[in-house]
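User: Could you take a close look with me at how the parts of this model meet? I'd like one connected walk through the contact, starting inside a single chain.

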Number of protein chains: 4
Amino acid sequence: MSNFKVGILGATGAVGQKFIRLLQDHPWFTIEALGASERSAGKTYREAANWVEATPMPESVAGLTVRDCKSADFGDVDFVFSGLDSSVATEVEGEFARAGIPVISNAKNYRQDPTVPLLVPEVNPDHITMIESQTFTADKSGWIVTNPNCVVVPLVTTLKPLAEKYGIRSVILTSMQAISGAGYPGVPSLDILGNVIPYIGDEEPKVESEPLKLLGILENGKVTFADFTVHATATRVPVINGHLLSIAVGLDSKPASIEEVAELFRKWKSPVADLGLPTAPAFPMHLYEDQRYPQPRLHADSEGGMQTAVGRLRKAGVLDISYVAMAHNTVRGAAGGAILNAELLVKKGFIQ
Amino acid sequence: MSNFKVGILGATGAVGQKFIRLLQDHPWFTIEALGASERSAGKTYREAANWVEATPMPESVAGLTVRDCKSADFGDVDFVFSGLDSSVATEVEGEFARAGIPVISNAKNYRQDPTVPLLVPEVNPDHITMIESQTFTADKSGWIVTNPNCVVVPLVTTLKPLAEKYGIRSVILTSMQAISGAGYPGVPSLDILGNVIPYIGDEEPKVESEPLKLLGILENGKVTFADFTVHATATRVPVINGHLLSIAVGLDSKPASIEEVAELFRKWKSPVADLGLPTAPAFPMHLYEDQRYPQPRLHADSEGGMQTAVGRLRKAGVLDISYVAMAHNTVRGAAGGAILNAELLVKKGFIQ
Amino acid sequence: MSNFKVGILGATGAVGQKFIRLLQDHPWFTIEALGASERSAGKTYREAANWVEATPMPESVAGLTVRDCKSADFGDVDFVFSGLDSSVATEVEGEFARAGIPVISNAKNYRQDPTVPLLVPEVNPDHITMIESQTFTADKSGWIVTNPNCVVVPLVTTLKPLAEKYGIRSVILTSMQAISGAGYPGVPSLDILGNVIPYIGDEEPKVESEPLKLLGILENGKVTFADFTVHATATRVPVINGHLLSIAVGLDSKPASIEEVAELFRKWKSPVADLGLPTAPAFPMHLYEDQRYPQPRLHADSEGGMQTAVGRLRKAGVLDISYVAMAHNTVRGAAGGAILNAELLVKKGFIQ
Amino acid sequence: MSNFKVGILGATGAVGQKFIRLLQDHPWFTIEALGASERSAGKTYREAANWVEATPMPESVAGLTVRDCKSADFGDVDFVFSGLDSSVATEVEGEFARAGIPVISNAKNYRQDPTVPLLVPEVNPDHITMIESQTFTADKSGWIVTNPNCVVVPLVTTLKPLAEKYGIRSVILTSMQAISGAGYPGVPSLDILGNVIPYIGDEEPKVESEPLKLLGILENGKVTFADFTVHATATRVPVINGHLLSIAVGLDSKPASIEEVAELFRKWKSPVADLGLPTAPAFPMHLYEDQRYPQPRLHADSEGGMQTAVGRLRKAGVLDISYVAMAHNTVRGAAGGAILNAELLVKKGFIQ
């Protein structure tokens with residue numbers, strides 16, 4: 001696999017920093033360019049960024065001069081990752097795509113665009129061909145691919161095998177979300193220390209809508225959304241990394257037993273398992289038998305933060321089954337998910 | 001109201017200590033006797049107890065000699081509160097009742113006994129008459145009354161008006177429970193700091209069954225359980241006090257609007273509101289409009305820890321409505337609830 | 001004691017909110033006016049303030065219209081409390097004083113002014129007469145009194161009896177400070193959850209200098225600073241309220257025994273104990289014998305948050321003695337301290 | 001380097017588990033035998049241990065049968081690591097040594113034995129030869145080597161270069177210690193969540209005495225203790241891993257400048273740096289310039305948890321200099337330190 005030069009938009013933010021850390025030793029991708037707001041442009045990254053990752057800022061990026069988020073300044077990259085804030089992502093990502101620079105974005109702005117894939121490689125890799133219907137450039141050189149909200153990743157990873165085998169009728173979930181999901185400075189400590197906040201602004205609509213596109217059927221370049229209802233309550237808990245979800249699911253056909261569902265989870269094989277994607281976890285989903293597991297602090301980093309952990313699988317008196325699921329929100333649910341998308345795009349020939 | 005002499009069984013434990021603190025200045029009840037295990041009996045309370053309440057141990061109890069939990073040693077009290085561990089409560093509470101000493105218990109052991117009231121004054125005060133069918137003593141002088149599990153209190157407090165107006169078909173809830181619910185030493189800090197544990201042993205069966213008795217119909221001295229299903233997932237979060245519940249409810253008849261439900265909650269009046277019970281909160285339920293509320297650290301102490309806080313009331317795409325509810329688990333959900341039961345028992349003439 | 005009308009400058013901030021809560025039922029002082037930045041002026045307090053106190057915003061202030069922090073708008077008050085940010089306190093407080101409105105300030109700006117009392121009633125009540133040398137107005141109607149930094153209060157409260165009996169030569173301390181000391185939003189949760197930050201900007205110089213003025217000798221209207229050295233290391237810990245200090249002190253003359261020092265602490269009597277100040281704690285200092293105490297979460301609220309808790313008193317192999325001290329940083333160390341200052345000023349006739 | 005078979009005593013405890021995790025892929029040492037209490041002996045390790053490490057229990061040990069801690073059952077190992085509780089370590093470790101099995105212990109029991117090295121490879125590697133004066137066996141085949149208390153490691157690592165260049169007169173320190181230092185279940189969450197406990201039983205005497213042996217001079221097989229005084233206050237904070245120390249040091253001769261001390265720290269080279277010990281950190285000490293650093297949550301894992309982090313180096317008004325130091329208490333301060341000792345013992349030919 002040849003090496004690709006990548007740019008990072010929103011490089012000084014929390015997601016941008018996570019991109020930098022995860023790409024530090026990537027076998028295919030080399031960070032060539034960093035983009036941030038006008039306030040940072042022109043400074044070295046060392047000067048511009050308030051580095052919040054636990055490991056030191058890589059020397060390879062510390063000396064890079066931060067650029068404006070304009071495609072004209074990114075002529076030397078093969079594609080860009082975007083960790084942009086939603087307040088600017090529509091305009092900036094669109095401008096890059098129209099200039100022929102592919103954008104692999106973590107921002108929410110284009111997730112519901114009917115021509116933009118909302119992609120989780122293990123869940124809906126076929127949606128990747130939606131790119132071909134994008135019209136940012138005449139020659140299809142510029143396009144946008146997105147990954148879903150951080151709660152949605154463990155949700156759809158577990159719903160996918162259930163949908164295939166039983167069909168899904170309804171989902172109720174309560175999320176207990178880590179503070180890193182709010183970026184930096186993010187949640188004031190006075191709000192969350194020894195506390196739970198039962199509301200996260202703008203989170204629930206994403207959790208309720210994105211799974212329907214992700215589990216939708218692609219036909220003739222168009223996604224027909226899945227036909228079930230999700231009801232979500234999003235809460236914030238004093239945890240650093242790892243969103244934990246308590247999920248109940250109503251199914252179209254009934255499992256013969258809860259053990260049958262357990263086997264389904266255990267034996268589920270990712271459709272991209274054999275592609276050799278560097279960031280793909282060996283086991284994208286793990287079912288814990290110990291009722292105390294999974295726990296965010298113990299298990300969020302499993303498989304480099306790319307695994308969805310599942311536990312407490314039970315028959316439910318209301319709806320049909322229930323379980324908890326957990327994934328690392330800033331790795332699997334953000335930068336790591338976008339990098340995995342990029343790897344699939346390379347493998348499928350969309351990035352060359 | 002004349003003054004009553006009370007004993008506390010399990011006085012050295014976390015619940016026992018909470019009884020002591022809450023009864024410290026009680027207008028009707030005076031602590032006369034403290035009972036604990038053989039290991040503590042004979043010592044002063046100061047020696048026997050590892051006091052964990054934030055306020056100092058009251059001088060009035062510090063010098064009391066701890067007694068064995070045997071009715072023969074409690075001849076000088078009008079009734080006892082029990083904060084006994086479930087491993088001994090069946091035997092000890094039964095022995096007291098048979099000896100003619102009323103027991104007002106926080107232990108789970110007799111909650112499902114068909115002759116024992118499982119009582120929340122604001123929810124099912126009429127169940128109190130079940131005492132009359134108890135056969136511990138021939139003259140009805142000895143009896144047992146229980147209060148429910150700490151999660152169940154805010155749950156049934158909110159379900160009660162819904163049941164009356166709409167009828168309840170099904171309930172799904174996820175609890176985020178405070179560490180004080182596990183007693184002392186309870187949850188190891190290495191397990192819970194910066195973490196969530198998605199399981200609490202033996203909790204969910206209580207949460208799923210007790211509401212059906214509490215909301216059941218008493219006829220001819222016998223409770224017909226309510227006919228709906230509760231599915232609960234109980235988790236532990238790093239919070240000191242206050243269990244927060246994320247609840248979705250399916251209703252038999254549909255509300256005209258969510259505002260109608262909000263008004264129902266706002267205007268709900270406790271059936272014991274006018275009895276002048278000293279521990280009864282002025283407002284047993286409060287509906288917060290601010291979506292960020294209620295929060296355990298901010299609101300668990302409202303109305304002396306006796307109020308159920310409600311928030312985030314919404315229509316739900318699955319089932320019918322959803323909301324969060326929160327109450328102080330060791331006050332409203334344990335010792336404070338038992339004391340309120342005692343006050344109602346006095347008012348209704350069962351304690352004289 | 002007649003009633004006084006007071007204004008609060010910086011009323012929307014964390015300190016201002018604490019003033020409001022503490023003054024809610026004050027027997028002498030009634031909140032008449034609230035001042036904040038231009039952005040808030042003209043709005044009702046309910047609209048302007050992001051209320052962060054746990055108890056609800058008092059109705060008596062919620063409807064008040066927030067004013068500009070200009071003396072011309074505060075003609076109806078007897079004096080003002082200032083919780084202003086240090087970036088504006090020099091100018092605003094000076095303007096009020098020059099207009100003849102007394103200012104009782106928690107801001108650091110005038111603490112080291114040679115004519116301004118840096119006042120802790122239990123420590124240096126005589127310094128109050130420094131007011132007479134102030135020249136803000138010709139008729140002495142306008143003046144400024146300050147209270148010290150929140151770490152300094154428990155420090156000087158414990159140093160005072162040591163200074164009187166033994167003389168102080170040197171002090172080394174490490175503070176473990178609560179997050180509420182940084183205001184709101186203050187410390188990001190990502191920085192402090194499960195962590196300690198070994199630095200608090202601008203804190204150590206205040207801790208090292210203010211005790212010297214507080215324990216200085218007032219002669220002819222001028223304070224001669226105390227002649228010892230303080231070395232401080234200020235750290236932030238994940239605690240809501242209560243700054244804990246680990247202190248070692250070198251003394252001029254040696255105690256006969258550590259028990260002698262313990263007795264000194266136990267028997268120390270505040271010089272203002274008999275003045276009937278409403279906010280004065282019955283016991284401004286309490287020496288805990290239990291080595292595990294004091295602890296911020298258990299003891300910060302003792303005596304309404306106005307008590308300095310002391311523990312772990314020991315002979316030290318280096319310097320002479322060591323102990324830990326703790327006080328509520330936003331009550332005793334800020335708004336509550338200022339209110340106590342105001343009460344002393346009333347009692348001494350400076351406010352009439 | 002040939003491969004050695006090792007046993008672990010106290011294998012089910014928190015320290016024992018850390019030994020297992022750190023030895024999992026060790027290039028020189030293979031876990032052959034696990035010893036624990038009678039209660040566990042005979043069970044598989046999977047059955048016997050309540051595994052609390054975040055990474056899964058290695059399969060290579062899960063099936064091992066736990067043995068009694070008796071030398072007769074450990075005939076197949078080259079030496080043992082001991083993570084035994086101090087209540088049994090004196091007897092068990094002595095029995096192993098007398099049976100000719102070397103013991104490399106984390107327990108405190110033999111640390112102050114005049115023939116037992118209290119060893120930190122970077123600080124006093126020459127003390128290793130004290131082994132030769134041990135008399136557990138006639139042929140010197142059995143011996144004991146210990147590593148110090150977890151607070152002492154970062155303390156002596158920083159004191160060593162100061163002692164060599166300036167001489168040390170006195171040390172005052174306050175430690176803020178992580179909960180993992182108390183083992184499992186260890187500190188109850190109700191005690192430490194949102195709190196600081198200003199006392200850790202039995203900790204301060206170790207912190208005050210062990211540095212004097214570690215920095216002592218070995219002559220003729222006997223250590224003359226260093227001649228200075230340490231005064232320690234040990235506190236517990238809600239941090240998972242990493243003990244942070246606030247240290248002030250009085251020196252015999254004065255540094256020309258604080259920058260001179262900084263250079264001393266930066267340029268200090270470990271005396272075992274060139275021996276190729278697998279667990280030795282490339283940089284055993286790192287001086288942070290950023291005043292906010294080091295922080296336990298961010299930096300405890302640096303260099304595999306084996307680095308001592310230093311920061312906030314300043315001249316002090318009392319004593320001479322002050323700084324903070326931090327190291328991972330269960331890696332560098334316990335199991336990792338013992339493993340490094342074992343590696344040095346191999347390199348020096350004491351284990352063959």
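Analyst: Happy to! Keep in mind that this is a predicted model. Let's begin with a distance: the centres of domain 1 of chain A and domain 2 of chain A, taken over C-alpha atoms, are 25 Å apart. Where the two touch, domain 1 of chain A contributes 30 residues and domain 2 of chain A contributes 26 residues. On the domain 1 side, helix α11 (residues 331–347) of chain A gives the largest share, seven residues. Sorted by class, that side of domain 1 of chain A holds 15 nonpolar, eight polar and seven charged residues.

As for the bounds, the assignment for chain A places 4–148 together with 335–347 in domain 1, while domain 2 covers 152–328.

Now for the contact between chains. Four residues of chain B are in contact with four residues of chain C. The side of chain B that touches chain C has three nonpolar residues, one polar residue and no charged ones.

How do these two chains relate in space? A turn of 180 degrees, with a shift of 0.0 Å along the axis, lays chain B on chain C with an RMSD of 0.0 Å. This is the relation of a two-fold axis. Among the residues of chain B, B:G194 comes closest to that rotation axis, with its C-alpha at 3.3 Å. The contact fits this picture: 100% of the interface residues of chain B are also interface residues in chain C, so the copies meet through the same surface.

Definitions and conventions:
Residues numbered from 1 in each chain as written. Chains lettered and ligands numbered in written order. Predicted model: local features only at pLDDT ≥ 70, side-chain atom pairs only at ≥ 80, totals over all residues. Contact = placed C-beta atoms within 7 Å. Nonpolar A, V, L, I, M, F, W, Y, C, P; charged D, E, K, R; others polar. Domains from an automatic or database assignment. Helix = DSSP H or I, 4+ residues; strand = E, 2+ residues; numbered from the N terminus. Least-squares fit on C-alpha atoms with pLDDT ≥ 70 in both.
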